[in-house]
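Hi,

Here is the structure I promised to pass on. Have a look, and my notes follow below.

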2 protein chains.
Amino acid sequence: MSIQVPLNQLGLRQALQAIESGECTAIEIINACFDRIEAREPQVGAWQYSLTREEYLAQYEQRRFFFEQSLLKGLPLGIKDIIDTADMPTEMGSPIHQGRRPGNDASCVALLRQAGGIVLGKTVTTEFAYFRPGKTANPRDLSRTPGGSSSGSAAAVADAMVPVALGSQTAASVIRPAAYCGAVGYVGSRAEFSLRGVQPLAQSLDSLGVLARSVEDVELIRAILLRQLDPLQRSVAVTPRRVLIVRGSCIGESEPDMEQAIERLAARLAQQGVDTLWLESGEELARIVARHQQIMAFEVARNLVEESARTEALSEPLRELIANGLTLTRDQYLAALQDVETTRTALWAQYADVDAILAPAAPGVAPSGLGKTGAPHMSRPWQAMGLPVVTLPGLTDAAGLPLGVQLIGRSRGDQALLALAHWLEPLLLQC
Amino acid sequence: MSIQVPLNQLGLRQALQAIESGECTAIEIINACFDRIEAREPQVGAWQYSLTREEYLAQYEQRRFFFEQSLLKGLPLGIKDIIDTADMPTEMGSPIHQGRRPGNDASCVALLRQAGGIVLGKTVTTEFAYFRPGKTANPRDLSRTPGGSSSGSAAAVADAMVPVALGSQTAASVIRPAAYCGAVGYVGSRAEFSLRGVQPLAQSLDSLGVLARSVEDVELIRAILLRQLDPLQRSVAVTPRRVLIVRGSCIGESEPDMEQAIERLAARLAQQGVDTLWLESGEELARIVARHQQIMAFEVARNLVEESARTEALSEPLRELIANGLTLTRDQYLAALQDVETTRTALWAQYADVDAILAPAAPGVAPSGLGKTGAPHMSRPWQAMGLPVVTLPGLTDAAGLPLGVQLIGRSRGDQALLALAHWLEPLLLQC
């Protein structure tokens, strides 16, 4: 069997298998990734900082035996630039932290390095993982936003510059860019992974995420981050018995293309024998969107402390967020947290026999222009509830632009969710 | 009215009032703190790193106008050495991080500095806030442990070297040293404060804490950390209507002195018209102690990543904790989390009309010897549940050594808990 895709397009597991079977070497794959970056980075702008090919290969050669024996074989990774790396700056998309060099790797980075991954570079983030975009364009259409805040991670993975990248999500920062760029995005349940060295934005909302081109690659990265004994183990695809489908309009503004795509997908699920239930009223979810905004504003204002004193260096949206957070009373904040908790409990009690929730991952395709990163409301309810989420590509609009859908699981039910995503993944290519 | 206590013994609010009324200056108080440190630090060993008097006063003079106008008037603070400070090393009690200089202040430190506090120094922590003790002795009896892991913060505050200090708790790291040293210790509800720059140990368990000599000073620090509009506002003492009392033996090994102290205190509460209820069976709590250990081991093993590869530089207990964490299965870990959640919900449902829980803060007085920090089991259940806790001094054994008791509140009910603690505080001095 010959490899028929360019080497930079191989998924992480595909690449490992190709190396294992002698079809190609790790260095050939690494070089293909650098070729892609050289060709595309001037337009895509996914990287805030990256190794040169020579630096990368020198790092590889220096510990060649280790990498050859390792799980990840020295293959390249992208790391969102709010995640600390000992050998590269971590600037959080803000001029305030220009040139900041953390002393240590974040735990997630250290785990990936111990598994034999090499950090190719730091991917562009919006300012402090909030709204102000970096330089990244959407690789599917360079005139459109890649989404944010994990803009560079999603673009680099979708554009086949690297097979996987780490991101983080406080509102919609993994799911939306993955959806807009046509990548697989995974956000872990609250507290699923160590966030040591991942610069926090809002402690009740922050989650670590993975950008990849397949569910099986998400599972591999997840297994490494959890130090599982056999990280190469793959979930068996599980067919859901019953899925709750949430129209985008139940959460907020939603475009006709997306609403139709969800209906097509629901019909496809029903054909497969899945019992599909439609959420009737979205009143609760729309309210939780507002609650999420309150919780985020309150916590960000108590987290970005030194920065909030340097208003001249902050974007207008971030200044506003902090100002809003400072005017919220503690009672409003606690009421918001309580409402989220009550609504989450009620939702899963009402739909106790549902295996997962299916919803749009964004209001539609990536909007035109690079000045904004699109609307985050489709992610806010699930992120407030601390639920695991996977967004999958496959659906498109008439122009072929990605329409991402997300599958939402129970708190800490990440593994079960990924097994369902594994099943849904090929189906989406047939809708 | 004249000030009749040495200036270093003033609480934070007392000091601010004395400055305000012209009874003394901030510099006189600062000098009194340094006098105390010079006299006692060779025996107590509370500080991992500290400013000299000259450095401190130079910092004060440089921004004298700011400090004079500020809330905290340039008064000194101790910061546990797992909390990042931009101008001092943060070594986490480990040779691995000797000389480590973080680039930024933790958010909690930045907030205290913006309020006009000056970080006098970094207080001794056990190794990564786990078990291996630092150099600190118990100021009440230098042959005894101060408890850990916030050993230096508790000792410095109890010995009147500084009025307040920050600590952190993953198992018993604020409550136990506060109890052993005879200080007030407060642990916030899970996610109550930003932990940005507070080096994490276990993400489902870590909380920020405050060591002080009064509840009113805890409230002041808490208000600053929450950026409350009027941080000087004080809670009105609230008499509890009904308190659930937990014998130490319900949780684990408990000494007769402590059991008797709790009984004395319960009788005193009843005299005050408080309805006292005794927890009948401790089976659940003893089980949650074990669950806490599992959750902690699992998460620490995925958090201390680079460190866990340097076994030669780790203590035996920490090596064991990490090894245990790596052998736990994910199912065991999830079952532990689930059990904690179910037990917490059931406990508060069964005792829905209780205002707070009262329990020993430690099995007894501080044990002899500096080789260990005492047993943490009295804190594990509440910490696993993410509840706010205050420990208060006042009770003693026959030799006059402190027997700390803790008051435990509902999740996010920190403010209500402190109002009850405010009421209990003077009562403890009369038991």
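Before the details, one term: two strands pair if DSSP finds at least two bridges between them. Helices (H or I, at least four residues) and strands (E, at least two) are DSSP runs, numbered from the N terminus. This is a predicted model, where local features need pLDDT of at least 70, side-chain atom pairs count only at pLDDT 80 or more, and totals for chains, interfaces and linings use all residues. Residues are numbered from 1 along each chain as its sequence is written, while chains are lettered from A and ligands numbered from 1 in the order in which they are written.

First, the sheet. Strand S7 (residues 242-245) of chain B runs parallel to S8(B), with four bridges between them; one of the partnerships links Val243(B) to Thr276(B) in S8(B). Both belong to an open, mixed sheet of eleven strands in chain B, ordered S1-S3-S2-S4-S6-S5-S10-S11-S9-S7-S8. At its edges sit S1 (47-50) and S8 (275-278) of chain B, each pairing on one side only.

Now the helices. H10 (residues 283-301) and H13 (residues 330-350) of chain B pack at about 140°, axes 9 Å apart (axes are lines fitted to C-alpha atoms, for helices over the stretch in contact, and angles run from 0 to 180 degrees between N-to-C directions). That angle makes H10(B) oblique to H13(B), as under 35 degrees counts as roughly parallel, over 145 as roughly antiparallel, 65 to 115 as roughly perpendicular and the rest as oblique. Among the residues in contact (C-beta atoms, placed from the backbone, within 7 Å) are Ile288(B) and Phe298(B) of H10(B) and Leu337(B) and Val340(B) of H13(B).

Cheers

Terms used: Contact = placed C-beta atoms within 7 Å.
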